[in-house]
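Welcome! Here is a friendly tour of a protein chain, taken one topic at a time. Keep the picture open while you read.

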Amino acid sequence: MSTSTRIYQLYGADFKRNPHPTYAAMRKEHPVIRQPGLFETFHIWFVTRYADVHAVLADNETFVLDARMAFDPSDPRLDMLVDSRPVMQLVNNNLLNKDGEDHRRLRSLVQSAFTPRMVAQLRPAIQAIADELLDQIVDDGQADLIEAFAFPLPIIVILEMLGIPHNDRNQLRIWSDAFVTPDPSPGAEQQFLQAMTDFTDYLRDLFARRRAEPRNDLVTALLQAEEEGRRLSEQELFSMVVLLIVAGHETTVGLIGNTVLTLLLHPDQLEAVRCDPSLTPTAIEEILRYEGPVERTITRFVTKDVTLADQRLGRGDLVIAVVGSANRDSAQFPDADRFDIARNPQRHLGFGQGVHYCLGAPLARLEGEIAINTLLRRLPGLRLAADVQRLEWRTQPLFCGLVALPVAWDVAR
Ligand code: HEM
C-alpha cells in the first residue's frame, strides 16, 4: 500500500498548519482507522475520539509500548520495530518504551524529583532564568520568541536539574531534535546514527566526570542507582538521561509558544490574563486542551484481539492515540473548537493518561505559568510581528508547535 491509499493525509507542512479539520472529519467518519504510517512499512490504527483515546491509554495491558510483548519472538517484523544496534539500545531503553514492572522500576527512580512539592521549590530559580532571558531582549522591541525565550527556558531548567552544563544546550538541541524527527529520506539514517553516537559519547564523558566528582544532581543520583546494579542497567541510564533532556524541553517550548500565539489571537482573553495573572494556570490547562504541544502519543502495540469503535484490532497491530484530536471532541468538551480560559478543562488528555501520564506535568505547568506571566509583565504591548497564516509549524508528527514566533512590544525610550 502506498501513500496514495492513505485516506487522511496526516503528515507534512500543510497538514500541520491546521490539523483540526482533518481530525474533525476522522472523528465523524472514521474514528478508528488503519492506514500507512510515515515510513509506510507499517499500517497504523489512528484513534481520534476522546472516549477511545482514553480507553487506549488507560489499558496498558492490551496496548503496550514494548513491541516484544505483542509479537512472537520469531516474528520478522520485530527486527524492524526493535532496533538492536548498540547505539540505539543506549537511547531507546527508556520508561516510555517499557511496560509493567520495568516501567514502574524506572519511573520510581526519577518520580520523586518531579512531584508538585519538589517542583514548587524550583520556582525562584525558574523565575530568575525567565528574567535573565528577557533582560537580554527587552530593549530590542522585537524577537523570535521561540529562539530567545521558549526554547532556552525549559532546556536550561532540565539541564540544571540533571547537572548538565547549559552552555551546551544548542548542541544538545540538535541531538534532541534528531532523536524526535523521523526522516525517511535517503542518507538520513546514517546522519541520525551519527547524531545518536555523538549524543551518547557526550553523555559518557559527563558520566565519567560525575563519577569522579559526585554532585547534588539527577545524573549523580542515577549513576548511584546504576552502580547498585539491579536498579538500572547501563543502557537504561543513558536512555533515561536522553529521555529527560528530550521530554523536558521539546514539549514545553511548544506550550509557551502555543500559549503566547493563542492569547495574541484572542485579545480579550489576553487582557484578562494580563490584568489577573492568577488566571494563567487555567489558561495553560485550556491551551493543553485546545492546542497542546503533544499531538499524538507514542505508538502502542496490541497484545490481544480487541474491538474499538466497531473496528477489530488484532494482536501485533500498531495504534496511535491522537490526543490533540480527543481534546477537540465535542462529545467531551462542549463547543470544543472555542478557546476559553474560563473553561477549566480538567479532563484534557494533553499530558496523556494512565501509567505513562506525563512525569513532567507539574514542571511544565510551573514553567508555563512563570513564562507567560513574566512575558506579559515585562513586554508591554506584546503583539504578533508576522502574518499568522505564514507562521511555520514543526513537522514532527508527535508535536504541535511553532518553528518561530516573531513578536514585537513597546520599548520605553
Ligand atoms: C507541556 C509540556 C509537556 C507535555 C504536553 C507533555 C506530554 C506528555 C505526554 C502526552 C506523555 C505520554 C506519552 C505517551 O503516553 O505516549 C508524556 C510522558 C512523559 N513526559 Fe511529558 N510532557 C510535557 C513536559 C514534560 C517535561 C517538562 C518533562 C520533564 C522531565 C516530561 C517528561 C515526561 C516523561 C519522562 C514521560 C514518560 C512517562 C512514562 O512513560 O511513565 N514531560 N508527556
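His 54 is a good place to begin: this residue counts as buried because 20 other C-beta atoms lie within 10 Å, and 20 or more is what "buried" requires. Please keep in mind that you are looking at a predicted model. From His 54 we go on to the ligand, the cores, one helix and the strands.

**Around His 54**

- His 54 is part of helix α3, which covers residues 50-58.
- Which residues does His 54 touch, not counting residues up to four places away in sequence? The residues are Leu 349 and Gln 353.
- The chain also brings Gly 354 to this place: 300 residues separate His 54 and Gly 354 along the chain, but their C-alpha atoms are 8.6 Å apart.

**Around the ligand**

- The ligand is surrounded by 26 residues. The closest are Thr 251, Thr 297, Gly 352, Cys 358 and Gly 360.
- Two helices, α14 (234-264) and α18 (361-378), each supply at least two residues of this shell.
- The most comes from α14, which gives seven residues to the shell.
- What kinds of residue make up the shell around the ligand? There are 16 nonpolar residues, nine polar ones and one charged one.

**The nonpolar cores**

- The largest nonpolar core holds 73 residues, and Leu 153, Leu 162 and Val 241 have the most contacts inside it.
- Helix α14 appears again here, as it gives the most to this core, with 16 residues.
- Apart from this core lies another, of 31 residues, including Met 26, Val 32, Val 47 and Val 319.
- Leu 162 shows what such contacts look like: leaving aside neighbours within four places in sequence, Leu 162 is in contact with Asp 217, Leu 218, Val 219, Val 241 and Leu 244.

**Helix α13, seen from its buried side**

- In helix α13 (residues 218-227), the buried residues are Leu 218, Val 219, Leu 222, Leu 223 and Glu 226.
- Why do these buried residues lie on the same side of α13? They cover an arc of only 135° around the axis, and therefore they share that side.
- The buried residues of α13 pack against four helices: α6 (100-111), α10 (152-162), α12 (188-212) and α14.

**Strand β8 and its partners**

- Strands of a sheet pair through backbone hydrogen bonds, and the pairing can be parallel or antiparallel.
- Strand β8 (residues 318-321) takes part in both kinds: β2 (residues 43-47) pairs with β8 in the parallel sense over four bridges, while β5 (residues 300-302) pairs with β8 in the antiparallel sense over two bridges.
- Trp 45 stands opposite Val 319 in β8, and Phe 301 has Leu 318 in β8 as its bridge partner.
- Side chains in a regular strand alternate between the two faces of the sheet.
- In β8, Leu 318 and Ile 320 point one way, whereas Val 319 and Ala 321 point the other way. All of these residues are buried.

**A sheet of three strands**

- Another place to look is an open sheet of three strands, in the order β4-β10-β9, with antiparallel pairing.
- Which strands are at the edges? The edge strands are β4 (142-144) and β9 (383-384), and each pairs on one side only.
- The antiparallel pairing of β9 with β10 (residues 406-408) runs over two bridges, and Arg 383 stands opposite Ala 408 in β10.

Definitions and conventions
Residues numbered from 1 in each chain as written. Predicted model: local features only at pLDDT ≥ 70, side-chain atom pairs only at ≥ 80, totals over all residues. Pairing = 2+ DSSP bridges. Near = placed C-beta within 6 Å. Nonpolar A, V, L, I, M, F, W, Y, C, P; charged D, E, K, R; others polar. Buried ≥ 20, exposed ≤ 12 C-beta atoms within 10 Å, placed from the backbone. Core = buried A, V, L, I, M, F, W, Y, C linked by C-beta atoms within 7 Å. Contact = placed C-beta atoms within 7 Å. Arc of directions from axis to C-beta.
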